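User: I would like to go through the labels given to this model and ask what stands behind each of them.

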Amino acid sequence: MLSKEEVLEIISYCDSHKIQRSVRLKESGITHWEFYKPRRKYRENEKSHPHEDSGSFIQLESGGGFVPCSVTEMEKSLNPSRKLHTSSESMTIECQTSRGGMVRINGKINAELLSVLVKNL
């Protein structure tokens with residue numbers, strides 16, 4: 001299984017040389033499965049422990065540039081407009097306004113939507 005550094009190196013190399021990952025994987029003799037399985041594992045681990053590597057950077061090659069230590073952060077920096085899949089949970093939120101009115105929001109809400117709702121109350 002590929003190490004986290006190897007996964008980050010492939011992502012970084014493809015971005016800096018503007019090539020598709022499949023081309024780089026073929027050049028390196030790595031199958032899609034050998035790359036995407038550990039990539040998914042590292043992303044799931046980062047999702048379950050979100051603050052473990054936040055804000056950390058690593059140097060992939062001696063004398064090379066620094067990249068985010070997180071596979072998820074690396075993906076976000078390369079594709080800022082891409083929305084990463086987040087799970088939604090069914091919940092009900094009830095709030096009372098300063099004038100005494102009640103607001104009830106009910107449905108499937110993910111963490112991003114919940115954050116926006118709380119900020120705008």
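The exchange below takes up the fold, the cysteines and one helix pair in turn.

Analyst: Please keep in mind that this is a predicted model. Its secondary structure comes to five helices and four strands, which run from the N terminus in the order α-α-α-β-β-α-β-β-α.

User: Why is Cys 14 called buried or exposed?

Analyst: Cys 14 has a relative accessibility of 5%, and the label buried applies under 20%, so Cys 14 counts as buried. Of the 121 residues of the protein, 25% carry that label.

User: What makes Cys 95 buried, partly exposed or exposed?

Analyst: The value for Cys 95 is 21%; because buried requires a value under 20% and exposed one over 50%, Cys 95 counts as partly exposed.

User: How many disulfides does the structure hold?

Analyst: The structure holds zero disulfides, a count that rests on the requirement that two cysteine sulfur atoms lie within 2.5 Å.

User: What describes the packing of helix H2 and helix H3?

Analyst: Helix H2, residues 21-28, and helix H3, residues 32-48, pack at an angle of about 115 degrees, and their axes are 9 Å apart.

User: Which residues in H2 and H3 meet, and how is their contact classed?

Analyst: From H2, Arg 21, Ser 22 and Leu 25 meet His 32, Phe 35, Tyr 36 and Arg 39 in H3. By class, this contact of H2 with H3 has three nonpolar, two polar and two charged residues; Tyr counts as nonpolar and Arg as charged under the scheme used.

Methods. Residues numbered from 1 in each chain as written. Predicted model: local features only at pLDDT ≥ 70, side-chain atom pairs only at ≥ 80, totals over all residues. Heavy atoms only, no water. Buried < 20%, exposed > 50% of the residue type's maximum accessible area, 1.4 Å probe, protein only. Axes fitted to C-alpha atoms, helices over the stretch in contact; angles between N-to-C directions. Helix = DSSP H or I, 4+ residues; strand = E, 2+ residues; numbered from the N terminus. Contact = heavy atoms within 4.5 Å.
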